[in-house]
Amino acid sequence: MKRKALKITGLFCALAMTAGLLGGCAGQGDSKTEVVRVWTSDAGSKDIMTKMVSDYNATIGKEEGIQIDYQVFGGDFNQTLNMALESDQAPEMFSAPNDVRSMVKKGQLLAIEDLPDTEAFLKGYDGELLEDVNVVDGKTYHVPFKVTTTGLIYNKDLFKKAGIVDEQGEALPPKTWEEAREYAKRITNEAESTYGFAFPLKWDSVFYFDFAVPFSTSVPFDGYDFQNGRFDFTVYKPAFEWLTAMKADGSCFPGAEGLDNDMARAQFAAGRVGMMIGASWDVSVFSEQFPAQCDWSVAPAPYFEGSERYASKSTIGPFLAITSEAKKKDLNKISKVYQWFNSKEVLTKLYEEGYYIPYDISIIENTTVTTEAKGWAEFAALLEKQDVVPEPPSVKLEGDNDYTIYSKIWAGSVNIDEALKDLTDRNNAAIEKGINDGSIDKSKLVDSSVKKNPLPKQ
């Protein structure tokens with residue numbers, strides 16, 4: 001589990017094998033058509049994935065006797081999936097879960113190694129990063145698929161209106177968090193209902209995506225110290241002080257406590273917000289879900305003046321996992337479907353059209369982006385300046401989680417120092433409990449190679 005920049009060593013070196021696997025039986029047909037159900041909560045890519053699945057069913061699937069039933073769910077996805085799992089009616093594949101270990105213990109997942117003809121497929125992945133993406137007891141339960149880059153999105157129209165421009169009159173994004181605070185005050189105009197910054201406090205992932213990831217530019221590690229194998233959230237004190245100062249300035253979009261991420265993005269798209277934290281998935285949001293009514297762009301996450309600078313963080317994510325229900329189907333066909341979803345063909349198409357940045361950086365190097373969607377090139381370019389870091393251990397936390405602490409600090413109901421120390425202590429207590437009940441592998445808590453966040457790339 002070593003830290004490294006994205007380095008892909010032949011992730012899809014098995015492309016020739018895949019082509020043979022999926023296309024080698026062309027014309028042979030299959031007397032029995034196997035329906036493979038795939039459930040996902042990934043609404044952002046619904047249109048293009050539905051089209052690609054339809055094309056697959058009409059060509060390769062028809063020849064191989066495979067019919068993919070692809071369904072996209074809304075906010076009730078987890079509840080629907082859990083009910084299906086408990087009643088043995090789960091689909092064969094679904095959006096990859098966070099808590100793989102517990103699902104493996106319940107016998108709800110099928111390892112990729114248990115599918116036919118997957119040895120060459122798995123060898124195409126970098127072993128160390130593959131381990132970070134969820135290998136349990138030596139078996140792999142899903143593989144890297146996409147990279148999410150994070151940056152500061154800003155309304156160029158509001159910047160120009162406030163006179164925040166360079167010598168050529170172009171909008172000038174902040175390089176430091178101090179500048180971001182100052183710019184937010186200059187942009188805010190209550191009479192015109194425009195505000196400098198938006199914080200979606202109702203979003204349960206706000207701490208991670210809007211705080212831990214962007215502020216990784218100014219902290220030595222992301223809440224977990226691999227040198228000592230312990231959590232330490234006190235490193236975020238300067239960031240929370242900045243946050244509460246922004247609130248005191250009155251330059252934040254009002255009602256942050258009731259804003260989820262969609263609501264905040266809708267306000268940004270309407271031209272009422274100067275800045276907010278954005279991720280590469282927001283490109284399709286501002287072109288399709290909430291078409292932007294303003295001229296906007298993307299900049300690297302700022303850093304604190306006077307602090308040591310570090311590289312900001314990218315996150316690697318999987319797409320699908322396989323349920324144990326797949327055992328009831330033809331595993332040869334399950335294997336083919338899983339490898340198709342993770343194929344270079346699929347990833348290239350998703351990158352070309354501005355949906356996902358692929359895990360395989362060679363796709364970026366060899367693919368011409370066809371989308372004209374604003375912001376896509378800028379988010380993809382951030383990959384060169386960001387780094388991937390190991391994920392901290394997953395713990396079962398008792399009491400307030402990071403999202404709750406974030407909200408309480410914003411509300412002023414808790415002291416920053418006390419709240420971060422409490423969050424630190426309870427996470428470390430959860431580590432000990434996890435070691436005792438076997439849900440945490442003690443040998444993976446410490447990694448001496450992970451000294452601190454890497455320095456920014458020049």
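# Exercises on strands, cores and a buried cysteine

Strand β7 is joined by five bridges to strand β11 (residues 273–279), and the two run antiparallel. Strands here are DSSP runs (E, at least two residues), helices are DSSP runs (H or I, at least four residues), and both are numbered from the N terminus. Two strands pair if DSSP finds at least two bridges between them.

The model is predicted: local features need pLDDT of at least 70, side-chain atom pairs count only at pLDDT 80 or more, and totals for chains, interfaces and linings use all residues. Residues are numbered from 1 along each chain as its sequence is written, and side-chain values use heavy atoms, with hydrogens and water left out.

**Exercise 1.** Describe the surroundings of strand β7 (residues 150–155).

*Solution.*
Step 1. Locate a bridge to β11: Ile 153 has Met 276 as its partner there.
Step 2. Turn to strand β12 (residues 296–299), which pairs with β7 in the antiparallel sense over four bridges. In β12, Ser 297 is the bridge partner of Tyr 154.
Step 3. Examine burial, where buried means under 20% relative accessible area, exposed over 50%, and partly exposed in between (1.4 Å probe, protein chains only). Six of the six residues of β7 are buried, and the strand is mostly covered.

**Exercise 2.** Determine which strands stand at the edges of the open sheet β15-β6-β13-β16.

*Solution.*
Step 1. Read the order of the four strands, β15-β6-β13-β16, whose pairing is mixed.
Step 2. β15 (357–358) and β16 (387–388) stand at the edges; each has a single partner strand, so one side of each lacks a neighbour in the sheet.
Step 3. Inspect one pair: β13 (residues 313–318) and β16 run parallel and are joined by two bridges. Ser 314 stands opposite Val 388 in β16.

**Exercise 3.** Establish whether Cys 252 is buried or exposed, and which residues it touches.

*Solution.*
Step 1. Place the residue: Cys 252 lies in the loop between α11 (237–249) and α12 (261–269).
Step 2. Cys 252 has a relative accessible area of 10%, and therefore counts as buried.
Step 3. List its contacts (heavy atoms within 4.5 Å). Leaving out residues up to four places away in sequence, Cys 252 touches Tyr 195, Phe 197, Phe 199, Met 246, Lys 247 and Trp 410.
Step 4. Compare sequence with space: Cys 252 and Gly 196 are 56 residues apart in sequence, yet 5.8 Å apart in space, C-alpha to C-alpha.
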